[in-house]
Amino acid sequence: MDFLLQGFLQGFVLLFSGDPETFSAIWATVGASTLSMAASLSIGIPLGFLLGYRKFPGKKIVRTIVDTLLSFPTVVIGLLVYAFLTRHGPLGGTGLLFTLPGMALGQTLLGLPIIIAMTATAVESLDNRLPMTLITLGANPRQMMWATVLEARYSIMLAAMAAYGRIVSEVGISMMVGGNIKWHTRTITTAIALETGKGEFAMGIALGMVLLAVALLVNIGANGMKRKAVK
């Protein structure tokens, strides 16, 4: 037990002393997750709205595919993205492999199904009289979409938090697409795996505390959104 206590103490020292290597992993995580969340929300919310609002042939099949992708293993996503971005792949000329934008691309594929599925569910759960009311008021399609999204805003925020929690804690995509390069693409999760394997428990614990803090904040935010949605 002494090594655990010592690891926690050293972890606090690394965090509060501003250790460059520790904070390099933190900023890489922040950078990649911010890019992926921006892409997931900008693409996922409109697609989720269409999936929940419109009726079209094959809708049940599309919904089944989206729901299936919710449990898609991150290592498989990493493998597919790696295959596309590698030098011999169709996107090899983009130079995105082993970069933060490349990691963000893979993480976007991880977050998109969550945003789409939860947004669609939120739209489907709204009062059925809302579309007719908007039409009666003379709203055009863009205004109808905006009003519907505003009505479901708390559920969409909850979807964003769920997606962020999944993205920030994944390992497979960051390891395979990012390459776990020190000072460049090493994230919190990949650094924890590497440093713990090397016996460097202090840094692993320090980064683990950051990840737990993020998870706690996401959980508090999600509970707050749930209470507001119920009201």
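## Exercises on a predicted helical model

Gln-10 lies in helix 1, which covers residues 2-16. Keep in mind that this is a predicted model.

**Exercise 1. Work out whether Gln-10 counts as buried, partly exposed or exposed, and find how far Gln-10 is from Ala-206 in sequence and in space.**

*Solution.* Start with accessibility: Gln-10 comes out at 36% relative accessibility. Partly exposed covers the range between under 20% (buried) and over 50% (exposed), so Gln-10 counts as partly exposed at 36%. Next, the partner: Gln-10 and Ala-206 sit 196 residues apart in sequence. In space, their C-alpha atoms are 7.8 Å apart.

**Exercise 2. Do the same for Ser-125: place it, classify its exposure, and give its C-alpha separation from Val-168.**

*Solution.* First, place the residue: Ser-125 belongs to the loop that links helix 5 and helix 6 (129-136). Then check the surface: because its relative accessibility is 58%, Ser-125 counts as exposed. Finally, go to Val-168, 43 residues away along the chain; the two C-alpha atoms are separated by 28 Å.

**Exercise 3. Compare the reach of helix 2 with its expected span, then locate its kink.**

*Solution.* Count first: helix 2 runs over residues 20-53, which gives 34 residues. From first C-alpha to last, helix 2 reaches 48 Å, close to the 50 Å expected at 1.5 Å a residue. Now look along the helix for a bend: there's a kink of about 30° at Gly-44, shortly before Pro-46.

**Exercise 4. Describe how helix 2 packs against helix 5, in geometry and in residue classes.**

*Solution.* Two numbers set the scene for any packed pair of helices: the angle between the axes and the distance between them. For helix 2 and helix 5 (residues 100-124), the angle is about 35° and the axes are 6 Å apart. The handedness comes next: helix 2 passes helix 5 in a right-handed crossing. Sort the contact by class and you get 20 nonpolar, 10 polar and one charged residues.

**Exercise 5. Take the UniProt annotations and check what the model shows for the listed spans.**

*Solution.* Begin with the domain: in an unreviewed entry, UniProt lists residues 26-222 as "ABC transmembrane type-1". In the model, that span is 76% helix and 0% strand, with its end C-alpha atoms 22 Å apart. Move on to the "transmembrane region" annotations, where the unreviewed UniProt entry lists several spans, including 65-85 and 144-167. Residues 65-85 are 81% helix and 0% strand, with 24 Å between the end C-alpha atoms. Residues 144-167 are 96% helix and 0% strand, and their end C-alpha atoms lie 31 Å apart.

Note on methods. Residues numbered from 1 in each chain as written. Predicted model: local features only at pLDDT ≥ 70, side-chain atom pairs only at ≥ 80, totals over all residues. Heavy atoms only, no water. UniProt positions renumbered as here; feature names shortened; annotations may be inferred. Helix = DSSP H or I, 4+ residues; strand = E, 2+ residues; numbered from the N terminus. Expected span 1.5 Å × (residues − 1). Bend = angle between axes of the 7 residues up to and from the residue. Axes fitted to C-alpha atoms, helices over the stretch in contact; angles between N-to-C directions. Left-handed = near helix turned anticlockwise from the far one by under 90°. Nonpolar A, V, L, I, M, F, W, Y, C, P; charged D, E, K, R; others polar. Buried < 20%, exposed > 50% of the residue type's maximum accessible area, 1.4 Å probe, protein only.
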